[in-house]
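The exercises that follow ask you to read a protein model step by step. Try each task on your own before you turn to its solution.

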Amino acid sequence: MGFDQALMHELNLLLKFPDTSMEGLKIHNSADATIIEAAQRLFDKGLITQKDGGYLTDLGREAAECGTQLISFVSAS
């Protein structure tokens with residue numbers, strides 16, 4: 001199993017959320033359709049609090065941390 005484009009958009013969006021739980025992210029309706037769709041899927045999966053961004057849930061925060069670690073692992077030289 002690999003990362004398809006939809007999953008890559010979701011992962012990239014997760015990584016754009018601030019590290020702090022005190023700040024969120026707003027996806028505007030003028031954003032690229034792939035980003036809007038990724039946000040909807042993350043919301044449906046329970047990783048963010050609003051379909052247009054909001055805040056990371058506890059599960060979303062854990063997923064974002066894992067994504068950051070994965071990038072660190074594969075980009076280490």
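**Exercise 1: two helices that meet**

Helices α1 and α2 are roughly perpendicular to each other, because their angle falls in the class from 65 to 115 degrees. The model is a predicted one, in which local features need pLDDT of at least 70 and side-chain atom pairs count only at pLDDT 80 or more, while totals for chains, interfaces and linings use all residues. Residues are numbered from 1 along each chain as its sequence is written, and side-chain values use heavy atoms, with hydrogens and water left out.

Task: find the angle at which the axes of α1 and α2 cross, and the residues that meet.

Solution. Begin with the axes, which are lines fitted to C-alpha atoms, for helices over the stretch in contact, with angles that run from 0 to 180 degrees between N-to-C directions. The axes of α1 and α2 cross at roughly 80° and come within 9 Å. Next, look for contacts, meaning heavy atoms within 4.5 Å. On the α1 side these involve Ala6, His9, Glu10, Leu13 and Leu14, which meet Thr34, Ile35, Ala38, Ala39, Arg41 and Leu42 of α2.

**Exercise 2: the faces of α3**

Task: decide which residues of α3 are buried, and where around the helix axis they fall.

Solution. First take the helix as a whole: α3 covers residues 58-75, and its 18 residues reach 26 Å from the first C-alpha to the last, close to the 26 Å expected at 1.5 Å a residue. Then apply the terms buried (under 20% relative accessible area) and exposed (over 50%), found with a 1.4 Å probe on protein chains only. The buried residues are Gly60, Ala64 and Gly67. Seen down the axis of α3, these buried residues fall within an arc of 55°, so they line one face of the helix. On the other side of α3, Asp58 and Phe73 are exposed. Finally, the cover over the buried residues of α3 includes α1 (5-16) and β3 (53-56).

**Exercise 3: a residue in a loop**

Task: is leucine 47 buried or exposed, and which residues does leucine 47 touch?

Solution. Locate leucine 47 in the loop between α2 (33-44) and β2. Its relative accessible area is 11%, so leucine 47 is buried. Leaving aside residues up to four places away in sequence, leucine 47 touches Leu14, Leu42, Tyr55, Leu56, Thr57, Leu59, Gly60 and Ala63.

Technical notes:
Helix = DSSP H or I, 4+ residues; strand = E, 2+ residues; numbered from the N terminus. Expected span 1.5 Å × (residues − 1). Arc of directions from axis to C-beta. Parallel < 35°, antiparallel > 145°, perpendicular 65-115°, else oblique.
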